[in-house]
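The following explanation leads through one protein model, from its overall architecture to individual residues. Please keep the sequence and the coordinates at hand while reading.

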Amino acid sequence: GKVAAEGWSKLADTDVTAAAEHFQREGVAAIVYTPVGDGATGGAGMQTAAEMARAIAIPVIAAGSLASLDDVRALCKTVGGDLLGAIVGDGLNGGALDLAQAQKLADSLDKG
């Protein structure tokens, strides 16, 4: 829940939501949230992203490890409609995730 800096090697005392609120006041158009460290992927990191998105008015995009449709389901369950989107790199690069299927699933879960 703290801001990481300098290549994620140092943790600041600043809470990520407080940092997001600061950046919003400074005029940032959107925030890409990337959880780092042990347990960074999955529920805990995405829960923090969802909390941040609920606390600010600017869009939040989650970056993490979405490598399967199960990961997409878990993300949608955790954050609901609170995020603008998610960055899906590794799952596409490795061929484990079909983007069209992932988007269709996310859209159906967002409406549910």
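Val72 offers a convenient point of entry. Apart from its neighbours within four places in sequence, Val72 is in contact with Leu66, Leu97, Ala102, Leu105 and Ala106. The model in which these contacts appear is a predicted one, and its confidence should be considered before the details. The mean pLDDT of the protein is 82, with 88% of the residues at 70 or more. Confidence varies along the chain: helix H1 (residues 16-25) has the highest mean, 94, whereas helix H4 (residues 90-93) has the lowest, 77.

The overall architecture comes next. The protein contains five helices and five strands, and along the sequence these follow the pattern β-β-α-β-α-β-α-β-α-α. Of the contacts between residues at least 6 apart in sequence, 60% join residues at least 24 apart. Of the 112 residues, 29% count as buried.

The pattern begins with two strands that form a hairpin. Strand S1 (residues 2-5) and strand S2 (residues 10-15) run antiparallel and are joined by three bridges. Within this pairing, Lys2 has Asp15 of S2 as its bridge partner, and Ala4 stands opposite Leu11 in S2. Four residues lie between the two strands of the hairpin, in which Glu6 adopts a positive phi near 50°.

A separate open sheet is built from three strands in the order S3-S4-S5, with parallel pairing. Its edge strands are S3 and strand S5 (85-87), each of which pairs on one side only. On average, neighbouring strands of this sheet are turned by 30° against each other, direction ignored. Between S4 and S5, the parallel pairing extends over three bridges; in one of the pairs, Ala62 has Ala86 in S5 as its bridge partner. Strands of a sheet pair through backbone hydrogen bonds, in either the parallel or the antiparallel sense.

The packing of side chains can now be examined. In soluble globular proteins, nonpolar side chains tend to be buried together. In this model, the largest nonpolar core has 24 residues, of which Met52, Ile56, Val60, Val72 and Leu83 touch the most other members. Two or more residues of this core come from each of H1, strand S3 (31-33), helix H2 (43-55), strand S4 (60-63), helix H3 (69-79) and helix H5 (99-111). The largest share, five residues, is contributed by H2.

Helix H3, the element that contains Val72, shows how a helix can present two faces. Its buried residues include Val72, Leu75, Cys76 and Val79. Because these residues cover an arc of only 95° around the axis, they lie on the same side of H3. An α-helix has 3.6 residues a turn, so residues three or four places apart point the same way. On the face of H3 turned away from the buried side are the exposed residues Asp70 and Lys77.

Which residues does Thr17 touch beyond those up to four places away in sequence? Thr17 is placed in helix H1, and its contacts of this kind are with Met52 and Ala55. Its relative accessibility is 17%; the limit for a buried residue is 20%, so Thr17 counts as buried. Met52, as noted above, is among the core residues that touch the most other members.

A second threonine can be read in a similar way. Thr48 is placed in helix H2. Thr48 counts as buried because its relative accessibility is 16%, under the 20% limit. When residues up to four places away in sequence are not counted, Thr48 touches Val16 and Tyr33.

The last position to consider is in a loop. Gly89 lies between S5 and H4, and its relative accessible area of 28% makes it partly exposed. Gly89 is separated from Leu66 by 23 residues in sequence, while the C-alpha to C-alpha distance between the two is 7.7 Å. Leu66 is also one of the residues in contact with Val72, which returns the reader to the residue with which this account began.

Definitions and conventions:
Residues are numbered from 1 along each chain as its sequence is written. This is a predicted model: local features need pLDDT of at least 70, side-chain atom pairs count only at pLDDT 80 or more; totals for chains, interfaces and linings use all residues. Side-chain values use heavy atoms; hydrogens and water are left out. pLDDT is the predictor's confidence in each residue, from 0 to 100. A nonpolar core is a set of buried Ala, Val, Leu, Ile, Met, Phe, Trp, Tyr and Cys residues joined through side-chain atoms within 4.5 Å. Buried means under 20% relative accessible area, exposed over 50%, partly exposed in between (1.4 Å probe, protein chains only). Contact means heavy atoms within 4.5 Å. Two strands pair if DSSP finds at least two bridges between them. Axes are lines fitted to C-alpha atoms, for helices over the stretch in contact, and angles run from 0 to 180 degrees between N-to-C directions. The arc is that of the directions from the helix axis to the C-beta atoms.
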